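Let's learn to read a protein model step by step. Look at the picture first, then follow the questions.

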Amino acid sequence: QVGTMSKYSHVGVIFVGSRGAYVFESVATTRMTPLDDFISRGKNGKYTILRYEDEASESQGLTDEQKNSLWGARRPYLGKRYDLAFKWSDDKMYCSESTWKIFRDIGIDLTETRKIRSFNIWIPKIRKVMEARWGGPVNMDEPVVAPKDVVRSDLLNVVYDNY
């Protein structure tokens, strides 16, 4: 949160089906987590729920075809270990990266990626931690997307927020 200057530290994608609501998230691994478990890990029960809305077609939410595609798009990422270095590869995943990528994989760009240099990497404590995770100098041009970037997407609208 210090590095990204945001109250948001984690994101995921909610899927609702006959077995209940689950969140596709990257935490220790990329997995499906019951929504209640996801929320209970948060700070003071605070969370925000957003919904995709395509203003061009005036549709609320994803179409059934898009929902099915999004469900399928998550499969290749399941089981991937968490990426503490925030590298833009498919070997490991961090939360906003996996969220961003499954939408990209169905043709929806939630937001543009940024360069790692756009975050507070200049703060000595943060730089030291990142260099340790990278095993040396950090690639300042590494593409990244932070939880706040996903939350601020023009394609997502708030449907619930208790912050």
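**Reading the fold**

Q: How much of the protein counts as buried?

A: Of its 163 residues, 36% count as buried. Keep in mind that this is a predicted model.

Q: How many helices and strands does the protein have?

A: There are five helices and eight strands. Along the sequence they follow the pattern β-β-β-α-β-β-α-α-β-α-β-α-β. The radius of gyration is 16 Å, close to the 15 Å that the globule rule gives for 163 residues, so the protein is as compact as a globular protein of that length.

Q: What box do the C-alpha atoms fill?

A: Taken along the principal axes, the box is roughly 45 × 35 × 30 Å.

Q: What share of the contacts joins residues at least 24 apart in sequence?

A: Start with contacts between residues at least 6 apart in sequence. Of these, 64% join residues at least 24 apart.

Q: Which residues of the largest nonpolar core touch the most other members?

A: A nonpolar core is built from buried residues such as Val, Leu and Phe, joined through side-chain atoms within 4.5 Å. Here the largest one has 29 residues. Val13, Leu70, Ile102, Phe103, Leu110 and Met130 touch the most other members. Four elements give two or more residues each: strand S1 (13-17), helix H2 (64-73), helix H3 (95-104) and helix H4 (124-134).

Q: Which residues is Leu110 in contact with, leaving aside its neighbours within four places in sequence?

A: Leu110 is in contact with Thr99, Trp100 and Phe103. It also contacts Val150, Ser153, Asp154, Leu155 and Leu156.

Q: How many residues of H3 are buried?

A: Buried means under 20% relative accessible area. H3 is mostly covered, with nine of its 10 residues buried. Among them are Cys95, Trp100, Ile102 and Phe103. Charged names appear too: Glu97 and Lys101 are buried in H3.

Q: What do the buried residues of H3 pack against?

A: They pack against S1, strand S2 (20-26), H2 and helix H5 (147-151).

Q: Is Gly20 buried, exposed or partly exposed?

A: Gly20 is found in strand S2. Its relative accessible area is 29%, so Gly20 is partly exposed. The C-alpha atoms of Gly20 and Pro34 are separated by 7.8 Å, though the two residues are 14 apart along the chain.

Q: What does the protein expose, and how are its charges placed?

A: The protein exposes about 9,600 Å², and carbon and sulfur atoms supply 49% of it. It has 25 positive and 22 negative side chains. The centres of the two sets lie 9 Å apart.

Terms used. Residues numbered from 1 in each chain as written. Predicted model: local features only at pLDDT ≥ 70, side-chain atom pairs only at ≥ 80, totals over all residues. Heavy atoms only, no water. Buried < 20%, exposed > 50% of the residue type's maximum accessible area, 1.4 Å probe, protein only. Contact = heavy atoms within 4.5 Å. Rg over C-alpha atoms; globule rule 2.2 N^0.38 Å. Areas by Shrake-Rupley, 256 points an atom, 1.4 Å probe, with all protein chains shown as cover. Charge placed at Lys NZ, Arg CZ, Asp CG, Glu CD.
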